[in-house]
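Welcome, and please load the model in your viewer. We will walk through it stop by stop, with something to select at each one.

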Amino acid sequence: MVSALFDLNDPAQQLTAAIKVKGDTGGNRVWFWTSGTMSALRPGQAPTHLANLEVARVSRYTRISDSAFEHRYAAGLMITDKETGALIDTFTNPLNGHAGEVEYRPPSPRRQVISTTGIKSDRPDGTVTPASFIKNPYLNAMQMPWLRVGDAIWVDWDQPFEFFGAPWTDAYKLRTTAAGLDDPDATSSPMTCSYYGESSYYPWLGMSGEPGYLMWQGFGGKTHSTEALPARMRAHFNTLYPAFVEDPDQFLKTSG
């Protein structure tokens, strides 16, 4: 048995358990961060480590029914030098010599409805389009793999999606503790994670149309405190998006 508190064969209870691991079922604000590497993976070749990445997402999960949560969030991605850890403004691609200006997109409010039947991503004002449904073998029935070894519990949260017209894959292996997950008085359990992702090449790499894709790998965790984010990550966000760490709640407000 993985959990003494949740029946993980029940989709609604499994969803609540997963949100307790990934976020906070009590509606409290949480940060989810990862640090790692960005590599180019071309057919027949070993991955080429191009740069490093730092990502942070601020979230609030609000229960809207026994089998669904609203997720309001905003995220920021930073590309850093693989040797020095410094923010990269321009990047010279070692694979083709192309020099491009790194495109950073400021964090913006986003909204999902996560339910036992899947995930719908829509605009912050609550409108949903038919194309916004995310189909996924794990989340499209909320049957996620769970594993327990001693006090350690792992759960897979995989989410393919489309971003700016291109396919992406985000795959997380979340690790928590049985003591934290099964605490009936806690709305959030401790979490660390490993991360794997795939995407098309960024335009500033000068590789559009070439076979292959970007491979993202990293590790991270969850915290309720902005101050508990890695220090270098906070410093980089203060440079690029200071409002994101100075007043993260502004990104989680309900429209209207």
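How many helices and strands are there in the chain? Colour by secondary structure and count along: there are four helices and 13 strands. Keep in mind throughout that this is a predicted model.

**The whole chain**

Stay zoomed out for a moment and show the surface. The accessible surface of the chain comes to about 11,900 Å², and carbon and sulfur atoms account for 52% of that area. Of the 256 residues, 46% count as buried. If you display contacts between residues at least 6 apart in sequence, 60% of them join residues at least 24 apart.

**Helix α3**

Next, select residues 231-240, which form helix α3. Which residues of this helix are buried? They are M233, H236 and F237. Turn the view to look down the axis of α3: the buried residues fall within an arc of 100 degrees, so they line one face of the helix. Now look at the face turned away from that buried side, where you will find the exposed residues A231 and T239.

What do the buried residues of α3 pack against? Add three strands to your selection, β1 (30-41), β2 (48-65) and β3 (68-80), together with helix α4 (242-246): these are the packing partners.

**From α3 across to β2**

Keep α3 on screen and show the side chains of R232 and E54. They meet in a salt bridge, with 3.3 Å from N to O. This pair links distant parts of the chain, since E54 belongs to strand β2 and R232 to helix α3, 178 residues apart. Is each partner buried or exposed? E54 has a relative accessible area of 4%, so this residue is buried. R232, at 45% relative accessibility, counts as partly exposed.

**E70 and its two arginines**

Move on to E70 and show its side chain along with those of R72 and R111. E70 forms a salt bridge with R72, where the closest N and O atoms are 3.3 Å apart. E70 also forms a salt bridge with R111, and here the closest N and O atoms are 2.8 Å apart. The pair of E70 and R111 connects distant parts of the chain: E70 lies in strand β3 and R111 in strand β6 (residues 110-115), 41 residues apart. E70 counts as buried because its relative accessibility is 12%, and R111 is buried too, at 13%. Select R29, R60 and D249 as well, which are joined into one network by salt bridges that share partners. To see every such pair, run a search of the whole structure, which finds six salt bridges.

**The stop at P107**

For the last stop, centre on P107. Where is P107 found? This residue is in the loop between β5 (99-101) and β6. P107 counts as buried, its relative accessibility being 11%. Draw a distance line from its C-alpha atom to that of R57: the two are separated by 8.8 Å, though the residues are 50 apart along the chain.

Finally, show what surrounds P107. Leaving aside neighbours within four places in sequence, P107 is in contact with these residues:

- A74, A75 and G76
- Y241, F244 and F251

Methods: Residues numbered from 1 in each chain as written. Predicted model: local features only at pLDDT ≥ 70, side-chain atom pairs only at ≥ 80, totals over all residues. Heavy atoms only, no water. Buried < 20%, exposed > 50% of the residue type's maximum accessible area, 1.4 Å probe, protein only. Helix = DSSP H or I, 4+ residues; strand = E, 2+ residues; numbered from the N terminus. Arc of directions from axis to C-beta. Contact = heavy atoms within 4.5 Å. Salt bridge = Lys/Arg side-chain N within 4 Å of Asp/Glu carboxyl O. Areas by Shrake-Rupley, 256 points an atom, 1.4 Å probe, with all protein chains shown as cover.
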